[in-house]
Amino acid sequence: MASATKAALARLRAAKIDGRTENVRYRQSQLQYLHRELIAIQDELRAAIRKDTYVSEAEADVEFAAGMTCVKDTYETLDFDKSLSDEYSVARGQDFTQRRRGVGLVYVKTGIDFPFFSVLAPLAAAIAAGNCVLVQVNADLRYLPGLLKQAIGKALDPDAVAVIDDDVSDEASLAEAVIVDQKPEPQAPLRMNVLASRGKSRVVAVVDRTADVEAAAKSLVRARLAYNGRSSYAPDLIIVNEFVKKPFLEAAARHINAYSDAGPSRRAAASKQIEACPSSNVVASGDAGLIVDVSSRSSPLLQSKISEPTLLVTATTSLEDAIDYLTASLSKSQSSVSETTYLASYIFANPPTAKYLSQFIPSSASFINHIPSDLLIGPAAPYFPQQPLDVTRRYTPEMFSMCSPEIAQTSPPAAKAAFALFGESSGQVQGKEALSATQLAALATQPLKPTGQPLQHAKIGFFEQGILIGLGTAATPILLTLGTGLYFGVRALWSRFH
C-alpha cells in the first residue's frame, strides 16, 4: 500500500474516532461545500466527461446533472430539526426505534464508465450517513480524475474524505469498512461489507404481440445505443413474439438510422463479434449501431453481457416459451449467488400480459412499457436486497449505516412475559392481562383466525378449467350413449306391454 494511502487512512480513522461526522450540521455543510465547488468548475467537468468517455455533449451534460442531483437529493434527506428531536427521544422517555448510525469508514472503488456519477453518487450517500470516505478514482482516465481530486480536496474536510489514484491492494486493512466495488471480479463471493455492482448481470427485454411495437422499438434502440452502448442497463437480449418480429425489426431499423451518436469503431468491434457467430444475421446497420437477428437460442451471443451499440433480437412463440427460455438461460449462465436474477427486465405488453411476465421472469427490477433514462446512467446497482432499486441515485444513506435503536419503554409483550416469569407488575399489566405462564402459553396456542375466503367464492383457475373441460369432454359421449339407450329401452318396454 502506498505511503500516501496509508497516511490518508490514518487521518480517516482518527476522524472516525473523534465522531465529527455524526453531527448533522457537519454533514450538511460538507455537502453544501461540495455542491458549490462542483458548480464553480462545471464547464471543465463537462468537457472532461466528454473527452474521457467519448460521449456526446448532451450525454455528458446529462451525466453531470445526474451526479449533481445525487448530491442535492441526498442533502435533502438531512433534517437537522428532526434529527435533534430524535436524538433527545430517550431524554423524554420515548423510544427511538428508527435510529441509525454510520458504519464509520467507506471505501469507494470506481469503474471507468460514467466516472463523474460513479464518484458523486456513493460519496454523497456515505457522507450523509455520517462516514469518513476514501475514494479511489480511475487512473486510466486522463482529464476527470484530476478535476475531481481538486474539487473534493478543496471542498471537503481532508481528515474525513480522501481521494487516491491507486487501488488499496490489501483490503484486509479495511476489514471495518463498507467497500463500494463498481468493478468486482465475475466470480467474487458475496461479502457482508461489500456493495458490489452487478455489472456483469444481463438485462433482458420482452416484446409481446400486444405491445405498441413502434414505442417499444424506439425505447429499446435509445437504451442500447446511448452512451456508446456502455450502460449496464442497456438491453443485452430482446425477445420478440414471432407475430410482431418483422414490424419490430423494421421500426428498430428506422430508429437506428435516426440515431447518430455512436462511432464507427464501435460498429467494427460489434461486427467482428457477430461475424464469428454462424446463427447471427445483421438485418440493419447504420452509423449508430446494428440490429442482429439471432436464429439459434444456443448462440453464445445470447448468453453474454454486451457493451456495444448492438441490438440482439430473437423470436419467441408464446409467453410460456419466453419465460421458459429466460429461466433456463439464466440458470446456465449465472453461477454466483447474487446472479440468480437478471439485473433488469423491460416488458412491452398490455397490462395483464406485463403482469404475468414480470411475475415469472426472475429480475431485480421490471419496467413496464418504458425504460427510465436516468437508469442508464451510472454503475449497476449493488447487490443489496434489503431495499428496492433507487433508479436515480443508485446508492442511499441506508447502505452506509446500521440500525441502532434506543428503547426507553417496556413493550406490552415484554411486560406480560415479565409478569408470567416473576409475578411482578410494572403497572402495564393489569386485570385480564395479568396471566400466569401457563395461561400465556395457552393464549399463544389458540387457533389462528380464518383466512376469510369462503369456499363457494373460490375462483376457478387455469388448471381447474382444464380439468373441468377434460371431464366434460370425456363425459359427453358416455351421457349421450346412456341417454339414447335409456330412451329406446323405455320405448321398447312401453310398446311391449301396451
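This report walks through two sheets, a pocket and a few individual residues in a predicted model.

Residues count from 1 along each chain as its sequence is written. Because the model is predicted, local features need pLDDT of at least 70, side-chain atom pairs count only at pLDDT 80 or more, totals for chains, interfaces and linings use all residues, and side-chain values use heavy atoms, with hydrogens and water left out.

**The five-stranded sheet**

Let's start with the open sheet whose five strands run in the order 4-3-2-5-6, with parallel pairing. Here strands (E, at least two residues) and helices (H or I, at least four) are DSSP runs, numbered from the N terminus, and two strands pair if DSSP finds at least two bridges between them. Strand 4 (161-164) and strand 6 (194-196) are the edges, each pairing on one side only. From one strand to the next the twist averages 15 degrees, using axes that are lines fitted to C-alpha atoms, for helices over the stretch in contact, with angles from 0 to 180 degrees between N-to-C directions.

What about strand 2? Five of the five residues of this strand (residues 105-109) are buried, so strand 2 is largely enclosed by the rest of the structure. Buried means under 20% relative accessible area, exposed over 50%, and partly exposed in between (1.4 Å probe, protein chains only). In a regular strand the side chains alternate between the two faces of the sheet. In strand 2, Leu105, Tyr107 and Lys109 point one way and Val106 and Val108 the other, and all are buried.

Strand 2 pairs with strand 3 (residues 132-136) in the parallel sense over five bridges; in that pairing Val106 stands opposite Val133 and Lys109 opposite Gln136. With strand 5 (residues 178-181), strand 2 has four bridges, again parallel, and Tyr107 stands opposite Ile179. Strand 2, helix 6 (residues 115-128) and strand 3 make a right-handed β-α-β unit; right-handed means that, with the strands pointing away from the viewer, the path from the first strand over the helix to the second runs clockwise.

Pro115 is found in helix 6 and counts as buried at 5% relative accessibility. Pro115 and Leu343 are 228 residues apart in sequence and 21 Å apart in space, C-alpha to C-alpha.

**The seven-stranded sheet**

The other open sheet has seven strands in the order 9-10-11-8-7-12-13, and its pairing is mixed. Its edge strands are strand 9 (280-285) and strand 13, each pairing on one side only. Direction ignored, neighbouring strands of this sheet are turned by 25 degrees against each other on average.

Strand 8 is mostly covered, with five of its five residues buried. Leu237, Ile239 and Asn241 sit on one side and Ile238 and Val240 on the other, and all are buried. The chain gets from strand 7 to strand 8 through helix 8, in a right-handed β-α-β crossover.

Here are three pairings from this sheet, each with one facing residue pair:

| Strands | Sense | Bridges | Facing residues |
|---|---|---|---|
| Strand 7 (residues 203-207) and strand 8 | parallel | four bridges | Ala205 and Ile238 |
| Strand 8 and strand 11 (residues 310-316) | parallel | four bridges | Val240 and Ala315 |
| Strand 9 and strand 10 (residues 290-294) | antiparallel | five bridges | Asn281 and Asp293 |

**Two positive phi values**

Most residues other than glycine have a negative phi, and most peptide bonds are trans. Tyr227 has a positive phi, near 55 degrees, and is found in the loop between helix 8 (213-225) and strand 8 (237-241). Asn369 has a positive phi too, near 60 degrees, in the loop between strand 13 (366-368) and strand 14 (401-403). Tyr227 is buried, with a relative accessible area of 8%, whereas Asn369 is partly exposed at 40%.

**The largest pocket**

About 1100 Å³ of space lies in the largest pocket. Of the 33 residues lining this pocket, the closest to its centre are Glu22, Val24, Arg27, Ser83 and Arg100. A pocket is an open set of points on a 1 Å grid over the protein atoms alone, where a 1.4 Å probe fits, with protein on both sides within 12 Å along at least five of seven lines; lining residues have an atom within 4 Å of a point. The volume is the space filled by probe spheres set on the points, which are joined across faces, edges and corners.

Helix 2 (24-40), helix 5 (80-87) and strand 1 (100-102) are the elements giving two or more residues to the lining. The largest share, six residues, comes from helix 5. By type, the lining divides into ten nonpolar, ten polar and 13 charged residues. Ala, Val, Leu, Ile, Met, Phe, Trp, Tyr, Cys and Pro count as nonpolar, Asp, Glu, Lys and Arg as charged, and the others, Gly among them, as polar.
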